[in-house]
Each structure stands twice: as C-alpha cells, then as structure tokens.
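Q: I should like a close look at one part of this protein, namely the turns and strand pairings towards the start of the chain. Please then extend the account to the rest of the model where it helps to complete the picture.

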Amino acid sequence: MNELVKSLPSPTLPGLHLPCLDTHKGWLFKWTNYLKGYQRRWFVLSNGLLSYYRTQAEMAHTCRGTIPLAKAHIEVGDTCHFVLTSGGRTYHLKATSEGECQRWVSALQQAKANATLLVHHSDDSGDETPVPQEDRALTQGALHSLATKLEDLSTCNELIGKHGAALQRSLSELEDLRGPTEGTDKVKAVNERATLFRITSNAMINACRDFLDVAESHSRRWQKALHYEREQRHHLEETIEQLAKQHNSLERAWRENPTSYTEGDASDENEEAEFFDAMEDAPSFITVTTTGNIRHKGSSYVKYIYIFCYLKDTSGTNQMQLRRTRRSRIPDKPNYSLNLWSIMKNCIGKDLSKIPMPVNFNEPLSMLQRLTEDLEYSELLDRAARCDSSLDQMCLVAAFSVSSYSTTVHRTAKPFNPLLGETYELDRLEEYGYRSISEQVSHHPPAAAHHVASERGWTLWQHITIDSKFRGKYISVMPLGNIHLQFHSSGNHYVWSKVTSTVHNIIVGKLWIDQSGDIDIVNTTTKDTCRLKFSPYSYFSREIPRKVTGVVEDGEGTAHYILSGTWDDKMESAKIVESSRGCGGSEGKQKTVYQTLQPKLLWKKYPLPDNAENMHYFSALALTLNEPEEGVAPTDSRLRPDQRLMEVGLWDEANIEKQRLEDHQRMERKRREAQANQALEEVLPLRRCLPLLSGQDVESYQPVWFEKRTDENTGESSYMYRGGYWEAKERQDWSHCPEIF
C-alpha cells in the first residue's frame, strides 16, 4: 500500500515534463485516383507537419505534399484505414497492419495536440515583425508551463483509468465472497484501492486548477499585446491612406499648372531638407526622399513626399531634376448599349479586319500600342541578359513570352486597327532603359513591325500579321509571324511565335477570353528549346484554368527545367534532378516522369490599378500608352483623333471621326493602286526585252522606318527596322511621314 502511494505524483504534480516526441517515419498507402488507386508513399511526421514522398531518396530534394495537423481532423476507418482532413482536402491513408495503423493514429493525435498549442501563439503574434528576445523567452516559458500541466493531466487521466478499473474488479470480487475470513481481506484491498483513486482524483483536480490559472494569466497579457498591435496597425493604415490622398491631390494640381512648381520654391519652403552629393562610384542617379510643403495657387499648403534625382553631368557638377510622373488613370468608360447581333450576324466566317466596326467594340488603344504593351515585364529580359547559363536565360525568356498575355484576361474589347503608315513610339530610357518604335506596314492583311532597343543588354523585334475570324459564338485572333530577341553579351538569339486568342460568348452571355496552343522557343545560337503548352479551358477538365506548362531542353534534347503556372498570374521553374520512363502515354508511347527540386518563382503579375474595372481593365503601363507626348511623329497613335475622342468618353463623335479616317484611307489606297497600275503599264513593254523584270513586283507602298529583309537564322522575309526614327525626332524632321490623320 505504501509503495503504491509513493509511486503516485503529489497533488501538485511538480515533477512531470512534456516528453520529446521523435520524428515518426514509415510507409503508408495514399489514395490518388480511381485509375491508380492506392499508391505507396514514404511519410514523415515532424513539427506538426505530415509530409510525404514517393521514395526515401526524395526527402533530400522533392516533397510531394505537406499536411498541417494543427487544424486537421483525424478519423479512424475500417481495417488499417484512417482519414485526414485539412485545409479543405481529404487524404485517405492505409497502413500495412492494424498495429501500424494504431501507431500512426496515436502519433498523429499527439502531434496535433502539440501543434494546436503553438498555432494560437502563431495566430496572435503573426510573422510581420521579429519577436523581441525578452518576449520570446516569456512566451516559451508560458508554453513550457502549459505543456507541463497538460502532461500532468494526461498522467492523472491514465492513473484514474488504471485505479478505477482495479477498484471495479475489487467490488466485483467482494460480491462473490464465500466466507468471513476471505471477506475481511477483500474489504481491506477495496479500501486501499479507493484511497489510491481518491488521491489520483485530487491530483487531477489540482492539475486542472493550475492549468487554468496559467492559461488565464498569460491570456490576459496576450490580449493586451494583441490590442496594442491592432491599434498600431490601424494607425499605420490611416497614415498610408492620408499619404495616398495627398499624393493624388498634388498630382492633379501639378497637371493643372506644372509651371508653378519650381525648384526654388521647393527649397525655400523646406529649409530642413537634407541633400547629399553624388559619389563618384555611384550609379547614374541617387534618389533622396524628403518631406516638404509645396504651394499651389489659390490653395493651402499641401504636404507631400517628393523625390529628386541627382544626375552627374560630364563636367562633374551635380544637377537636380524632377523625374516625370506618368498618369495613373483615364476617364471612366461610359455605359453605352448596343445591339451586337445586328452588327455581327453578317460577319460569320469573315476577316474582322475588313469589316467596319463602331468604337463601342474597341478599347482606346491601337494594335501598335497593344504590341508595345508586351514590354510590361521588360525586367525579365534585363535579368536574362545578366544570366551566365543559356538554360537559365531560356527560363526567363519563356516567362516573358507568357507574361505578355497577363494583361488580356479581362480585356475582351479589340484595339483600333492602325491606319497604313501609323506609328507608335515608347521612350522609357530613363525608367527602364529601352526605346520602342512600331509601324503599320500593311493594311490588308493588317501587319505591324516592331523594334525595341535596350541599354540593358538586349534587342527585340517582330513582324506580326493578324488573322481573325468570327465563328458565330466566338472570335479567333491568330497572330502570324515570329518574335526575335537577341542578347548583346552572349549573342544568344531566340525566336518564338504567339498563340491563338479566342473571345467567347459573342452573342449570349458574358464575354471571356482564352489563350490556347503551343509556343516553341528556340535559341538559334545554342539550339536550346522550350515548348510551352497553353491548355484551352474546358468545363469538364480538372486542371486549373489558364494553365501553362513547359520543358526546357538543351541542344541535345536533355530536359533541365520544368516550367509551370498560369498565363494570368505567375510562372515557376523547377530544376530536374532525375527523369525516368513511366507508363500512361498516348498511342503506346511511354510517358517521361521527372523528379525536380522545389520550384522557384520566375514571374508574378502586378496587381491592376484601383478602379481598373471602369478604365477598360488597363494595367499601369497601358494607362500611360496613350498619354500625350511632345515631339512624336505626326503619324503617332497618340494623335489619332477617333481614339482620343473615345478615351475621353465622346463615343458618338469618335464613330464619326473613325468613319472619316477610314474613308480617307480608302481614297489613298485607290490612289496608290492607280499609280501602281500606271507604273506597271510603263514597265510591260520592257518585260518583253528584259525577261529578268518579269518576276519583279511593283510595290505600291513602302514603310518609312522599316524595310523587308531576309533573316539569316530562319530564312524568313520580314520587315526590320532600318533606323533613323530617333535621329529624325531629335531634329524634328518628319518630312518623310505621310498625312494619315
């Protein structure tokens, strides 16, 4: 009796500690799908997470999935089965034996209990700011105290069950007594076991009380800390909102009267502003942020944070310039109703570029500007230019080719068809290091040539012809032609084409756009390749919408990277560490199975500006493309009157102006055709004498800034930049430009 009492913990249970749980590992069978059924996987339980791998070797590089147990539901099924539900997903698992199943369930339940204690701390503290050392020590001490008390409760629970069962057996034996002597011994045993049960119960009650006291004391402190953090966050949000409003107010005021903001005024208003000289080894500019008061005529002082750039000129003196602010909004799109079917019913099966359409179907950008919008993520090419590996470079080029479609996910309206000879320039040397020029080189079929030169190590050019067809329920737009990209340092030359864009629900339902097809990117220098597959949307498919996948291979056909993502959100690359031949391929072919490292992010889409839904869903770059610029060519898309009228919301006037421009273009085309026919008649007598001329064509129109050449790598004939535009802009000599507006 005394030995039994000594083995019990004291009522305060001071000596019990939370045992250290070792990592639990082993093989389990995981349900995959109805075709493959249960598949054998290697599972590892550690730190409240259940991870699984195809093999034990994969633990070093590839995790196939991780199940957090803090909020998981564990349910034991039939023989050797148990089910985990976490994060909205359900995992059906099966062990090899009942004993193995029970060991896994016990380990999972214990890991869930420990993870639940930690998750409350994580939710309250967050991971936005580092936790001070003192607070971390207090938190760990509190968690250790709670864990100790919880272990005491668990021990007492086991003892109560044990002694309760023993007491029940003694009472049953007491009922079966046959003599007085035997009865005395049984009663003594019952009393001893009842005493043990009472002591254990008291210890349980005391442990519960201690656990509750510790939890309440620390809960009050954590509640105070949480309240303080919420107040600080609210204060920070108010400050940011106020700064944003001040930014917009000053920007509007500057547009109304930019001459009132001079460098002298800014320095006079803010005597406390601190400036620094440019360092000799520093980059071309140093950004200095300072707070000042800028006065606007007829209004009070406006607090604003402005940025000055110190530029070092050739003489070594410092000059201060205010970097230009691009516009961040355009007028809201008006709500015009239109009978779509009355216009489209006669267009089925026809090329839409030959059909006059009202501006109601358009967005206030031309096709030349849409081509330029491909440069939204030009920083991907800047990064690619710095790559030492051509395969890493290929991954970034592939991400760039996908990123050009991210702006189209909500853009179901068509751009304006450029007039023949129309041009568009985009000079972003100051911000992004590149300059872009494009020109409409053909009207039927519509074709545009585009050239981009970057000071950050790359040049891009393309000649794109647009073929579009209306099929009744949808419109298909098929860009024909190749995009070329060359990096200056390595000489790597990449070539690829675009996929088909399809606008659905033309007649009934909400318009939506999809991209489908394959992009084959070829490095003609190293023969590296990448095939990107744009999966078409299907209502019955279980794949994620807008999915893009690809494989990067070297010149010998060895795969090195797997690319995956969606064309409207992001792209990732995963390095291949092992490949093997599996089953399940189509037409009797074996399917290649790749084992990869963890994927790395290549590209992520920028969020749309505020109020984008009322501004044609334009991105930040698209909002600036039609912003008026000084000194551009008279053929620039910014000067097109019908497009400008549509942007400001005057759609009726825009339709009238659009009709005038198209009539003028038709007259010019007839005039050129007449001149070409006259020239042909003059040449006909010579053809009898000079057979060499019989195969030559008399071209009726010659672009100003582009000329036809044969590409050395692909052998294709396309329009390429002949040069001279930026020099003409510097001289303001536009004498070679046609009058098209």
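A: In this predicted model, strand 2 and strand 3 form a hairpin with two residues between them. Asn47, in the turn of that hairpin, has a positive phi of about 55°. The two strands, of which strand 2 covers residues 37-46, pair in the antiparallel sense over five bridges. Within this pairing, Ser46 stands opposite Leu49 of strand 3.

Strand 3 (residues 49-53) is mostly covered, since four of its five residues are buried. Strand 3 is also joined by four bridges to strand 4 (residues 65-68), and these two strands run antiparallel. Here Tyr52 has Gly65 of strand 4 as its bridge partner. Strand 2 also contributes a charge-over-ring arrangement, described next.

The charged end of Arg40 sits over the ring of Trp27, at 3.7 Å from the ring centre. Strand 1 spans residues 24-33 and is joined by two bridges to strand 7 (residues 89-94), the two running antiparallel. In that pairing Lys30 stands opposite Leu93.

Strand 7 has a further partner in strand 6 (residues 81-86), to which six bridges join it in an antiparallel arrangement. Leu84 faces Tyr91 of strand 7 in this pairing. Strand 6 and strand 7 form a hairpin, again with two residues between the strands, and Gly87 in its turn has a positive phi of about 60°. Before strand 6 comes a loop that follows strand 5 (73-76), and Gly77 is found in this loop. Gly77 is partly exposed, with a relative accessible area of 39%. From Gly77 to His92 the C-alpha separation is 9.5 Å, although the two are 15 residues apart in sequence.

The two hairpin turns invite a comparison of backbone angles elsewhere. Most residues other than glycine have a negative phi, and most peptide bonds are trans. Tyr617 has a positive phi near 60°; its place is in the loop between strand 27 (600-604) and helix 11 (620-625). Tyr617 is partly exposed, at 30% relative accessible area. Gln732 likewise has a positive phi, near 55°, and is found in the segment after helix 14 (725-731). Gln732 counts as partly exposed, with 43% relative accessibility. A cis peptide bond, with omega about 0°, joins His444 and Pro445. Pro445 is found in the loop between strand 14 and strand 15 (447-454).

Strand 14 itself (residues 434-442) contains Ser438. Ser438 is buried, with a relative accessible area of 0%. Leaving out residues up to four places away in sequence, Ser438 touches eight residues named here in full: Leu368, Thr372, Glu422, Thr423, Tyr424, Ala449, His450 and Phe706.

The nonpolar interior comes next. In soluble globular proteins, nonpolar side chains tend to be buried together. The largest nonpolar core has 60 residues, of which Trp458, Leu485, Trp496, Ile521, Leu532, Phe534 and Leu563 touch the most other members. Helix 9 (residues 390-403) gives the most to this core, with nine residues. A second, separate core of 20 residues includes Leu69, Ala95, Trp104 and Ala111. Beyond its neighbours within four places in sequence, Ile521 is in contact with residues including Met394, Val397, Ala398, Tyr494, Trp496, Cys530 and Leu532.

Aromatic rings add a further set of contacts, with a count of 15 aromatic pairs. Trp512 and Tyr537 form one that is edge-to-face, at 5.5 Å centre to centre and 80° between the planes. Because Trp512 lies in strand 21 (residues 512-523) and Tyr537 in the loop between strand 22 (529-534) and strand 23 (547-553), this pair ties together parts that are 25 residues apart in sequence. Trp512 is partly exposed, with a relative accessible area of 29%, and Tyr537 is partly exposed at 42%. The rings of Tyr725 and Trp726 have centres 5.0 Å apart and planes at 90°, so this pair is edge-to-face. Tyr725 is buried, at 0% relative accessible area, and Trp726 counts as buried at 12%. Ring pairs link these two residues with Trp705 and Trp734 into a cluster. Finally, the charged end of Lys498 sits over the ring of Tyr405, 5.4 Å from its centre.

Technical notes:
Residues are numbered from 1 along each chain as its sequence is written. This is a predicted model: local features need pLDDT of at least 70, side-chain atom pairs count only at pLDDT 80 or more; totals for chains, interfaces and linings use all residues. Side-chain values use heavy atoms; hydrogens and water are left out. Two strands pair if DSSP finds at least two bridges between them. Buried means under 20% relative accessible area, exposed over 50%, partly exposed in between (1.4 Å probe, protein chains only). A nonpolar core is a set of buried Ala, Val, Leu, Ile, Met, Phe, Trp, Tyr and Cys residues joined through side-chain atoms within 4.5 Å. Contact means heavy atoms within 4.5 Å. Rings of Phe, Tyr and Trp (its six-membered ring) pair if their centres lie within 6.5 Å; planes under 30 degrees apart count as stacked, over 60 as edge-to-face and the rest as tilted. A charge sits over a ring if NZ of Lys or CZ of Arg is within 6 Å of the ring centre and within 35 degrees of the ring normal.
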